[in-house]
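Please open the model in your viewer and keep the sequence panel beside it. The tour below goes from one selection to the next and says what is found at each stop.

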Amino acid sequence: MTTAINKRAVSPQQKQLRRRQILDAAKQTLEEHGYDKVVLSQLAQQLGLSKPALYRYFANKESLFMALYIEEAQQLLSAIERLSKQALRPRVLAETIAAQPTFCYLSAILHTVLEKQQNLEQATQFKRELKTMAEQLCSLFLHWSPQLNQQQALNKVMFLYQAVIGCWHTSHPSATMQQVMNNDEFALLRLNFVDSLSLMLVKLIVD
């Protein structure tokens with residue numbers, strides 16, 4: 001894919017567009033090759049940028065993907081908010097989450113990879129944004145289950161988050177293990193993300 005940018009971004013609108021192009025290119029590379037294969041110098045070259053120019057937008061690889069994570073989380077939150085017009089159903093919620101695979105993938109590596117961020121100010125801002133979204137999700141659980149108190153709703157939010165991480169890891173083995181799992185001998189051990197998450201969310205809704 002050729003996404004070279006030929007002009008220097010000067011105006012706020014141009015800078016916003018440049019930031020958008022960087023995030024889109026990073027997302028595509030992430031989806032095609034995985035986090036470890038994303039190299040900022042190569043990403044800059046793909047976009048027709050110098051490395052210093054890219055670093056003006058994102059200080060490091062962690063900052064770039066934390067920004068992408070916030071965007072993906074906000075999109076997912078909006079999708080879940082649209083579900084508030086109906087009763088909460090485990091399968092529907094699981095499918096809604098699965099429709100945001102970049103969010104799920106980044107959630108799975110958040111604590112072990114992305115949060116190696118060394119910039120204290122950026123790390124703090126990242127957590128503030130996550131906290132705000134967690135509070136919004138709490139409000140949705142209180143809408144679905146008005147008998148809950150704030151802490152109980154927060155517990156459900158954290159359970160949901162942990163369920164996504166666990167189900168993503170167990171249903172997305174490494175390339176080598178995926179080859180092993182394709183053997184019919186191990187069919188019993190194969191896990192589907194939506195199926196696994198749906199079962200976990202039954203507990204979320206019932207408890």
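## A stop on helix α7

Begin by selecting E129, which counts as partly exposed because its relative accessibility is 29%. This residue is found in helix α7. Now add A73 to the selection: the C-alpha atoms of E129 and A73 are separated by 9.9 Å, although the two residues are 56 residues apart along the chain. Please keep in mind throughout that this is a predicted model.

## The whole chain

Zoom out and colour by secondary structure, and the protein shows 10 helices and 0 strands. Read along the sequence, the pattern is therefore α-α-α-α-α-α-α-α-α-α, with helices numbered from the N terminus. Taken along the principal axes, the C-alpha atoms fill a box of roughly 55 × 45 × 30 Å. Of the 207 residues, 41% count as buried. Among the contacts with a separation of 6 or more, 68% are made by residues 24 or more positions apart.

## Helix α8

Select residues 150–171, which make up helix α8. From the first C-alpha to the last, these 22 residues reach 32 Å, close to the 32 Å expected at 1.5 Å a residue. At the N-terminal end of α8, show the side chain of N149, which caps the helix: a side-chain oxygen of N149 lies 3.1 Å from the backbone nitrogen of Q151.

Which residues of α8 are buried? They are A153, K156, V157, L160, Y161, A163, V164, I165, C167, W168 and S171, and displaying them as sticks will pick out the buried positions of the helix. These buried residues pack against α4 (61–82), α5 (90–98), α6 (101–110), α7 (120–144) and α10 (193–206).

## Helix α6

Move next to α6, one of the helices against which the buried residues of α8 pack. Since 8 of the 10 residues of α6 are buried, this helix is largely enclosed by the rest of the structure. The buried residues to select here are T102, F103, C104, L106, S107, A108, I109 and L110. What covers them includes α1, α4, α5, α7, α8 and α10, and you may wish to hide and restore these helices in turn.

## Aromatic pairs

Show the aromatic side chains; the structure holds 5 aromatic pairs. Start with Y35 and F65, whose ring centres are 5.1 Å apart and whose planes stand at 70 degrees, so the pair is edge-to-face. Because Y35 lies in the loop between α1 (12–33) and α2 (40–46) while F65 belongs to helix α4, the pair ties together parts that are 30 residues apart in sequence. Y35 and F65 are both buried.

Then select Y69 and F126, where the ring centres are 6.0 Å apart and the planes are at 50 degrees, so this pair is tilted. The pair links distant parts of the chain, with Y69 in helix α4 and F126 in helix α7, 57 residues apart. Both Y69 and F126 are buried. Adding F103 to the view completes one aromatic cluster, formed by Y69, F103 and F126.

Before leaving the rings, return to Y35 and display K61, the charged end of which sits over the ring of Y35, 4.1 Å from its centre.

## Cysteines

How many disulfides does the structure hold? There are 0. C138 is in no disulfide, and the nearest cysteine sulfur, that of C104, is 19 Å away. With a relative accessible area of 2%, C138 is buried. C167 is likewise in no disulfide, the nearest cysteine sulfur again being that of C104, at 9.7 Å. C167 counts as buried because its relative accessibility is 6%, and buried means under 20%.

## A last stop in a loop

Finish by selecting Q118, whose place is in the loop between α6 and α7. Is Q118 buried or exposed? At 71% relative accessibility, Q118 counts as exposed. For a last distance, select the C-alpha atoms of Q118 and Y161, which are separated by 24 Å and belong to residues 43 apart along the chain. Y161 will be familiar from the list of buried residues in α8.

Definitions and conventions. Residues are numbered from 1 along each chain as its sequence is written. This is a predicted model: local features need pLDDT of at least 70, side-chain atom pairs count only at pLDDT 80 or more; totals for chains, interfaces and linings use all residues. Side-chain values use heavy atoms; hydrogens and water are left out. Helices (H or I, at least four residues) and strands (E, at least two) are DSSP runs, numbered from the N terminus. The expected span of a helix is 1.5 Å times one less than its number of residues. Buried means under 20% relative accessible area, exposed over 50%, partly exposed in between (1.4 Å probe, protein chains only). Contact means heavy atoms within 4.5 Å. A polar contact is a pair of N or O atoms within 3.5 Å; within protein, one must be able to donate a hydrogen and the other to accept it, and residues adjacent in sequence count only if both atoms are side-chain atoms. Rings of Phe, Tyr and Trp (its six-membered ring) pair if their centres lie within 6.5 Å; planes under 30 degrees apart count as stacked, over 60 as edge-to-face and the rest as tilted. A charge sits over a ring if NZ of Lys or CZ of Arg is within 6 Å of the ring centre and within 35 degrees of the ring normal. A disulfide is a pair of cysteine sulfur atoms within 2.5 Å.
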